[in-house]
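Colleague: I'd like to go through this model with you and ask how you know what you say about it. Can I start?

Modeller: Sure, let's have a look together.

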Amino acid sequence: MRIVFVATAAVLAPVAAFAVDYLSAEQAFKLMFPDADHFEPREFPLNAAQMQELEAQGVRARSVHWTVSVAQRAGAPLGYVVVDNVIGKSELITYAVGIGLDGAIKQVEVLSYRESHGQEIRLPAWRRQFVGKTAASSLHSGDDIANISGATLSCSHVTEGVKRIVAVVALARRSGGLP
Amino acid sequence: MSAQAELGKQIFRDVSLSGSGNQSCASCHDPNNGHAAPNSLAVQLGGPSLNLQGTRSSPSIRYLASNTAFHFDTEGTPTGGFFWDGRAASLQDQAGRPFLNPVEMANASVADVIAKLSHASYAAQFQQVFGADIFSRPDDAFARLTLALQQFQLEDADFHPFSSKYDAFLRGAAKLSDQELRGLALFNNPNKGNCAACHPSAKGVDGSHPLFTDFTYDTLGVPRNPEIGANADPAHFDLGLCARQGGDLVARTDLCGAFKVPSLRNVAMRHALFHNGRFKSLKDALTFYVQRDTNPEKWYPLNTDGSVNKFDDLPAAYRANVNTSEVPYNRHPGDAPALSDAEIDDVIAFLSTLNDGYMP
Amino acid sequence: MNPRHLLAMPLKAVLAAGLTCLAGAVFAQSADPDEMARRVDELASELATVKKQLSELEQQKANAMPASSAAEEPTTVFTSYGEINYNRPTHEPENAQADLRRFVFGFQHRFDAQTKLVTEIEFEHAVTSAEDPGEAEIEQAMIEHSLNPTWAVRAGLFLMPVGLLNENHEPTAYYGVERNFVETAIIPTTWREGGVQVVGTFENGVTFQTGVTTGFDLAKWDATSPEGALSPLGSIHQELALARAYDLSIFGALNWRGIPGLLVGGSLFTGGATQGQAVVSASVTLWDLHARWTPGRWDFAALYSSGSISNTAALNMPLVGNPTLIPESFDGGYVQAAYKLWMHGSQVLSPFVRLEQFNTGRRYADLGPGLTPAARPTEQVATVGMNYQITPGVVVKADVQHFREDQDADRVDLGLGWSF
């Protein structure tokens, strides 16, 4: 006899079925690491010394608690994904950054975007600009990362956020907090 | 029309309501002459025997429905008011004063007016509207008499027909001739006639047709008119705003010599122009406008030493009040006048399109 | 939105139901050893499946919460921008002026995930009263509702998607102390109308906007005032203030941002402007083409806009002789280049150059000899200056402007602006 989990199927549907949420976190993870069979969340709280280290790199740490999901296949790590929010002009932008084992950005995805202008940051062409950057790269919007005309704030805040995530992941790996 | 306005219509032409028994509102505000003077006298004759000169020319009382009481606007410009010096606050206020003016309708008193009213052919109608006992209360009756005249002027389309050729042109129902169009252009051009600066010619934002007055005042220094008997006394001056009855503007000596900007609608029907009726034709009036300063000797008497006694209808102290800064007054002897003779004719052709009663 | 609640209750209930079914299924059958063994194997594998799904659910639960949601979902957000400007005409320094040009605040309020209200209130020239030069106005008041990831609807008072400046007019968004002349004299920034529009943002970087709105009112044209010569459309806009709406207007705008750092677009607006009040019907049409390219530290921009009004001969006839008649056409264009010369932390210094040309009376309809106004001279303005960003959202600006025609207008400008 087969058991059908009807209710669970409904529960497994994307958390937010709203119009401007383009991807769920899970969908983003799968896009970045299609070979992964498991994503292990790791909590990584920053201590004072680590926060200062980040500031010294020119990155505002902003929060103490960070959750990095480690993409795994058969127990071996493939890379890391961090989901984060920044404010564009007046609305939250939810995005995810996928980082490879070499510490370089693999992919950036925009999960939700609600500002009236600047949806173009979702376009592959804009997000592709981040691919290959590391914590050591210069990541300035309007310079290394081209802006979207009319959405300068969204571009610069997301760029700042990506830079922060790359720095935090690099820090976590150096301190042994991540495999 | 309302009952009050109907009474006003009858009162307006009732000659019995005067000291002479032969003068009504319509006598000096003739409906067939734009509700202005029917003759070319500088000032009309009134009084009990209709032989006393008035002091100022009889203006048109058309197109006054939107005029307000006298006030200074946000920029301090004197605006509004009825009569040449704005001393009456409303149509009703203005309507009552000629009845008691000894050189106009020359009634002895309010009671005198009401006594005559009670014998009028429409007296019963008056009682019906305002109460059977109204004649026993002369002050109240007079207030209602003037109210009736106001309502008549507000409600009767004859006081604002907008039936001129220019109105038809604004409605797209008529074309102006080439000369009339040239005249309009000169009228509007701030470097030529600049007439529209005080006599606006454009439709309002709400689509209303222009009244050709902005209801303000100006001091033009019109030459003294010997036709007015009072001017025989060299010490007599009609100072306009600053000297008006009530004395509220006595301190405003900068307003001495200022008189109301009248509407130019039906101006081509008039035969005496300006507050003192000094000019009898539009040609003379317009030529004065543009040559007042280029050829003052044409308009003002000469002093014994040969110099021109310019602005002779103002005491020396107030001659500085005269408008010499706006076009076309900003010229000097030897300059070309703002309008040539032919251009003046063009403007007159245009002004003639402002007469009500245009039939294509 | 907390997913924990979503998962906890039904999950427990389902698992409980499932296990009960399992137990029921086992005991419902007769006791045959091989059958039993087979069933146990079946149960074991199904149990393994359940375990796996449970683990996935838990993982999803953990991942659905953003890693560091330090920011709570804002529902009401205040925005503001302002400009304080100083202008000093070079040849007429006695006309120097300092002005709190604009003080704007606004708010966005989100009702639900798809719907928000966007408003903006502006105060010009610091003090607003009957005796003071200031003006208070509502610049935006619109509801935006997303239908799906591609299409959104906006209704209310909104900014027209025209040019480079109109929708992005904050002092931090343009170079130079004053907004450029083409986008004030030809495109009447900040131009807003009341109506409805749909906005489509496509995967290829195209944004398409189209809608129906109120339009202009030619009855407001004042031939005695110089306003119409400074900005024809600016002198007859209605700004949804008891706007006449007998004639409605339509517009379309297409913008492509497919390549990061490049914007190419254009717009078209047309609609009746006599509102049933005049002797003839006349309409206003305005179109523009624009491009902006920001390779590296450079910022290049170019724009051209042209407007026209129909039937102006009939409308101008009663206005002959006045200084400012209604033009048949007006247009302008500019090219601009800026460079991020110096950057340090959040400071950025960007010098720029702009050349613009415009004519607010390019052509007048024929009214007959001696009555037809001559075309106005085409003005050309060169602006050189710099924007100095102290921190994102605060900018200090300085520039020098030279006018080819109206040389008395040559001036030096300084400005302070903020935007958040």
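Colleague: What is the mean pLDDT of chain A, and what share of its residues reach 70 or more?

Modeller: This is a predicted model, and chain A has a mean pLDDT of 82. In chain A, 89% of the residues reach 70 or more.

Colleague: Which element of chain A has the lowest mean pLDDT, and which has the highest?

Modeller: Helix H1 (residues 6-12) of chain A has the lowest, with a mean of 33, and S4(A) has the highest, at 93. Residues 1-19 of chain A are below 50, and in the model that stretch has 32 contacts beyond near neighbours in sequence. Where pLDDT is low, the predicted coordinates shouldn't be read in detail.

Colleague: Okay, on to the sheet in chain A. What makes S1 and S5 of chain A the edge strands?

Modeller: Start with the order: five strands form an open sheet, S1-S2-S3-S4-S5, with antiparallel pairing. Strand S1 (38-45) and strand S5 (105-113) of chain A each pair on one side only, and that's what makes them edge strands. On average, neighbouring strands of this sheet are turned by 25° against each other, direction ignored.

Colleague: And which helix of chain A packs on that sheet?

Modeller: Helix H2 (residues 25-32) of chain A does, touching S1, S2, S3, S4 and S5 of chain A. The direction of H2 makes about 155° with that of S5(A).

Colleague: How do you know that S3 and S4 of chain A are paired?

Modeller: Count the bridges: a pair needs at least two, and strand S3 (residues 76-87) and strand S4 (residues 92-100) of chain A have nine, in the antiparallel sense. So they count as paired. For one example, A:Val81 has A:Gly98 in S4(A) as its bridge partner.

Colleague: Which strands of chain C pair with S17(C)?

Modeller: Strand S1 (residues 76-89) of chain C pairs with S17 (residues 411-419) over nine bridges, antiparallel. There, C:Asn85 stands opposite C:Gly415. Strand S16 (residues 394-403) of chain C is joined to S17(C) by eight bridges, also running antiparallel, and C:Val395 stands opposite C:Gly417.

Colleague: How far apart are the two domains of chain C?

Modeller: The domain assignment gives domain 1 (3-64) and domain 2 (76-419) in chain C. Their C-alpha centres lie 65 Å apart.

Colleague: Let's switch to chain B. Why is helix H8 of chain B called largely enclosed?

Modeller: Nine of the 11 residues of H8 (residues 178-188) of chain B are buried, so the helix is largely enclosed by the rest of the structure. Among those buried residues are B:Leu181, B:Leu184 and B:Phe187. What covers the buried residues includes helix H10 (341-352) of chain B.

Colleague: Why is B:Ala106 called buried?

Modeller: The cut-off is 20 or more other C-beta atoms within 10 Å. B:Ala106 has 21, so it's buried. B:Phe215 has 23 C-beta neighbours inside 10 Å, so that residue counts as buried too.

Colleague: What is unusual about the phi of B:Ala106?

Modeller: Most residues other than glycine have a negative phi. B:Ala106 isn't a glycine, yet its phi is positive, about 50°; you'll find it in the loop between helix H3 (91-100) and helix H4 (110-117) of chain B. B:Phe215 has a positive phi as well, near 60°, and sits in the loop between H8 and strand S5 (217-218) of chain B.

Colleague: How do you know that the bond from B:Val327 to B:Pro328 is cis or trans?

Modeller: Look at omega: it's near 5°, and the bond is cis. B:Pro328 is in the loop between helix H9 (282-291) and H10 of chain B. In chain C, the bond from C:Thr189 to C:Thr190 is cis as well, with omega near -10°. C:Thr190 is in the loop between helix H3 (182-186) and strand S6 (192-201) of chain C. Most peptide bonds are trans.

Colleague: Last one: which chains touch, and which don't?

Modeller: Two pairs of chains touch, and the pair with the most contacts is A and C. Chains C and B meet through 16 residues of chain C and 18 of chain B. On the chain C side, that's nine nonpolar, five polar and two charged residues. Chain A and chain B don't touch, and their nearest C-alpha atoms are 36 Å apart.

How values were computed: Residues numbered from 1 in each chain as written. Chains lettered and ligands numbered in written order. Predicted model: local features only at pLDDT ≥ 70, side-chain atom pairs only at ≥ 80, totals over all residues. Domains from an automatic or database assignment. Buried ≥ 20, exposed ≤ 12 C-beta atoms within 10 Å, placed from the backbone. Helix = DSSP H or I, 4+ residues; strand = E, 2+ residues; numbered from the N terminus. Contact = placed C-beta atoms within 7 Å. Nonpolar A, V, L, I, M, F, W, Y, C, P; charged D, E, K, R; others polar. Axes fitted to C-alpha atoms, helices over the stretch in contact; angles between N-to-C directions. pLDDT = per-residue confidence, 0-100.
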